[in-house]
Amino acid sequence: MVKNVLDRPENFTNRELSWLEFNYRILGEARDRKNPLFERMKFLSITASNLDEFFMVRIASLKDMVNAGYEKKDIAGMTPQEQLDALNEKTHHFSEKQYSTYNRSLLPKLAEEGLSIVSFSDLSEEDVDFLEEYFHQNIYPVLTPMAIDSSRPFPLIQNKTLNIAALIKSKDKKDHKEFDIATVQVPSVLPRIVVLPRKEDGKKKTRIILLETIIEHFLDVLFLNHEIICAAPYRIMRNADLSIDEDDAEDLLKEIEKSLKKRQWGEVIKFEYDDRMDKRLVKYLKKQFKVRSADMYAFNGPLDLTFLMKCYDLEGFEHLKEPVYKPQVNQKLRADGDIFAQIREGDVLLHHPYESFDPVVAFIRQAAEDKDVLAIKQTLYRVSGHSPIIAALARAAENGKQVTVLVELKARFDEENNINWAKKLEKAGCHVIYGLVGLKTHCKIALVVRKESDGIRRYVHLGTGNYNDSTAKLYTDIGMFTCRNVIGEDATAVFNMLSGYSEPASWNRLLVAPIWMKDRFLEMIKRETKNAREGKPAKIVAKCNSLCDKKIILALYEASCAGVQIDLIVRGICCLVAGKPGVSENIRVRSIVGTFLEHARIFYFYNDGHEEIYLGSADWMPRNLDRRVEIVFPVEEEALKEKAKHILKVQLDDTMKAHCLQPDGSYQKVDRRGKDALEAQKQFCKEAVEANVPVPVIQKRTFEPGKAPEFS
């Protein structure tokens, strides 16, 4: 196959348009009547949160390119301006679908089930009296009304905050045409939903009213001696794509702290407002924010639909939600046993959230207290608000262990959180590294060095997801524990590379980006291509979050043309065109959108019967393969290989939550005719429960030389 025949713009999908297709799939779950009602509400909230970040980062980046006169075309042959034009049309249509879903599908159903989101026209005198007292007691003291006139310029409106704009007229002025403008920020420190007292009518109904609705109703209290002509909520989105010149930054931590402040006054890239807003107000705000008509979004409903996630937490509606799943104990690695003794019995693979994340926390906690542990080294990208792992690392340093932690300060939207953790760890005595210049450190690895009777032994945890005990209950990830020497040596080399200038000439088992990983993936794809051309069976299965690296896609196209059977499970962005004759007819792509966020990366190569399986932190994207420190690691024990293969098989057999990529770039749910109903995530929950049969716990004991199996 001539390569340039495959390398044509029509054989690729634009990254940003592909991402919007992903958000459409989530919106599809919000519209799917087969889903429990509160789950649909949650999915709609997720689409809003996703879209916010998309604008602040991806749309902002394209605008920066246009402003800089950058006209280089992307993988699909589109200039930045062409991408913005296409996205403008799509995002407006998407927003219309969001509010159609909210107003037509969810609100009536929620009301039927006893949850109403009300306005003042729905309320009795008793309700209004209650809210008036609530306003004066809880809301009024926090508000800061901002009048705008010749002596008071238009204030800085912060990114993503909800505000109310008003036209007001002094009662002293006789000219009916004269009016002033004012704005009030809706306080983010107060609950956005207020639950009204239940009516004494015997019906168990929950009524809520939004904070901005209350403020708007009592706005005249803030502007005494003025008449409120009109008022309506609005919200802006600013450019939040941080640009940091790391080469010239003497102190990366301080440089990022300064850059974070810029997010509050970056260029306005989106202006949202209630469609009830007076045209005079719209015109005035448009001028103040310097936005084009294409960047303005008028909504028939509450701005910022992420408030629906707060509604999801309301009590009394459990029957409208998926049953809460409790992660199960993997009996080969119990947090209440001796973690190190259990790992010495053999490698262990944990599949989260189906299997508990507790052993990962216990690994660091036990290491912090174990007198035989000499050192702990770990990378941290995103952690929870009250992270037990951070606490354990600090405790380890206080106990005199050598603790080295790489805290990635450039983890987007977690920068401030990570700065705080870094300072806390340093204060406890940990050696903190802030990442490498020009690269994000995205790999998930923890190394514990322990003195044992037969010498030093290294225990390693490698994962596909963050060391975050909160998201480990929501994201699907895989982690592996091992004490094999070959992995331990590689783990030591990784940390030496991160803390110094030591780049190993080769690795025993790990694939590490940005230098070695991409070439190795291309080699394995080409090996399958070669085998197929020689008439041997050839197969590739890859599960990742995104696929947009051009070299990887072209290699997959060549493999497909050679006859390699390729199945891809790609949650989000996919720039590859599937099922196109002469290009990708042997490639099938599916995306699974379910209760849990699919996050694990698994790569399978048939290799003429000598199957190879890798897990890791890297997606097939240029940023992961070329601009990040990533680790992909092999699964080599047969039992664990079977477990990884089973995960892939169940997801490929999913007929309930899988969406299949069509040649035109759209996605369709699996055609279930003649197929059994199978929902992969529920199947994994069921299997984890069935496998959780208690066995005797390996309690802490002295290591006996020769007892653990030797790996090479």
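Contact between two elements is taken here to mean heavy atoms within 4.5 Å. With that criterion in hand, this predicted model can be read from its sheet outwards.

The sheet is open and contains six strands, arranged in the order β2-β4-β3-β7-β8-β9 with mixed pairing. Its edges are formed by β2, residues 145-148, and β9, residues 296-299, each of which pairs on one side only. On average, neighbouring strands of this sheet are turned by 30 degrees against each other, direction ignored.

Strands of a sheet pair through backbone hydrogen bonds, in either a parallel or an antiparallel sense. At the β2 edge, the partner is β4, residues 180-185, and the two strands pair in the antiparallel sense over four bridges. Within this pairing, Ala-147 has Ala-182 of β4 as its bridge partner.

Helix α8, residues 279-289, lies across β2, β3, β4, β7, β8 and β9. Of these strands, β3 spans residues 162-170, β7 residues 226-238 and β8 residues 268-274. The helix runs at about 165 degrees to β8.

Aromatic side chains add a further layer to the picture. The structure holds 30 aromatic pairs. Ring pairs join Trp-19, Phe-54, Phe-55, Tyr-99, Tyr-297 and Phe-299 into a cluster.

Which residue has its charged end over the ring of Phe-55? It is Lys-270, whose charged end sits 4.3 Å from the centre of that ring; Phe-55 is also one of the cluster members. Another such arrangement involves Arg-25, whose charged end sits over the ring of Tyr-667, 3.8 Å from the ring centre.

Methods: Residues are numbered from 1 along each chain as its sequence is written. This is a predicted model: local features need pLDDT of at least 70, side-chain atom pairs count only at pLDDT 80 or more; totals for chains, interfaces and linings use all residues. Side-chain values use heavy atoms; hydrogens and water are left out. Two strands pair if DSSP finds at least two bridges between them. Axes are lines fitted to C-alpha atoms, for helices over the stretch in contact, and angles run from 0 to 180 degrees between N-to-C directions. Rings of Phe, Tyr and Trp (its six-membered ring) pair if their centres lie within 6.5 Å; planes under 30 degrees apart count as stacked, over 60 as edge-to-face and the rest as tilted. A charge sits over a ring if NZ of Lys or CZ of Arg is within 6 Å of the ring centre and within 35 degrees of the ring normal.
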